[in-house]
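Colleague: I am new to this structure and would like to go through one part of it with you. Could we look at it together, step by step?

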Amino acid sequence: MCYTACMPGAQTHDMITVVTAVVLAPATWIISPDHSFGTALTLTAAHLISGLLFSCDLDIDSREYRRWGPLRLIWWPYKESVPHRSWISHGLVIGPLLRLAYFCVIIYVALWVTLHALGYAALWRELEASVATSLTRNSGQAYAFLIGFVLGGAAHSIPDWITTGTKRTWNQWTRL
Ligand SMILES: [Zn+2]
């Protein structure tokens, strides 16, 4: 069977993420209806964050996982419970979106507990309302972020599939 040995390493994944981001930035600027520099910047930043930090390989003790330093504790339950290269982590759209949702839930709960424990319930309510308002007001940027984030995951999953497929075919041919 072919698993880790068939996949590009973290360095290759980082390079693919950066190269695709370089292509994505001007492409987004050209494609976006208003030729917005802000939209191109948001989408490209989300692509980089997704590929370099919120990588599909957070499902193993990878370089991307260790990149979080002590904060990798956040991803420990994810790493332990998600099977490596399953659709949950490496799925084209679902993978990155689930990681983003997972991260948001952890931050939400941690902030809720901390602020309530310190007696800042009013500050929590203000914070919650201002985040909701800013997301509604900047929905275009929020969508650009989500698209960039999904593309960052795709820039990892697709090379994984291609490498595995190529090596499987090669192994079948060489066995003939
Ligand atoms: Zn992978």
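Colleague: Which residues does Gln-141 touch, not counting residues up to four places away in sequence?

Modeller: This is a predicted model, in which local features need pLDDT of at least 70 and side-chain atom pairs count only at pLDDT 80 or more, while totals for chains, interfaces and linings use all residues. Residues are numbered from 1 along each chain as its sequence is written. Taking two residues to be in contact if their C-beta atoms, placed from the backbone, lie within 7 Å, and leaving out residues up to four places away in sequence, Gln-141 touches Gly-38, Thr-39 and Thr-42.

Colleague: How far apart in space are Gln-141 and Thr-42, C-alpha to C-alpha?

Modeller: Along the sequence, Gln-141 and Thr-42 are 99 residues apart. In space, C-alpha to C-alpha, the distance between Gln-141 and Thr-42 is 6.7 Å.

Colleague: Is Gln-141 buried or partly exposed?

Modeller: A residue is buried if 20 or more other C-beta atoms, placed from the backbone, lie within 10 Å of its own, exposed if 12 or fewer, and partly exposed in between. Because Gln-141 has 18 other C-beta atoms within 10 Å, Gln-141 is partly exposed.

Colleague: At what angle do α2 and α8 pack?

Modeller: Gln-141 lies in helix α8, where helices are DSSP runs (H or I, at least four residues) numbered from the N terminus. With axes as lines fitted to C-alpha atoms over the stretch in contact, and angles running from 0 to 180 degrees between N-to-C directions, the axes of α2 and α8 are 7 Å apart and their angle is about 40°.

Notes:
Helices (H or I, at least four residues) and strands (E, at least two) are DSSP runs, numbered from the N terminus.
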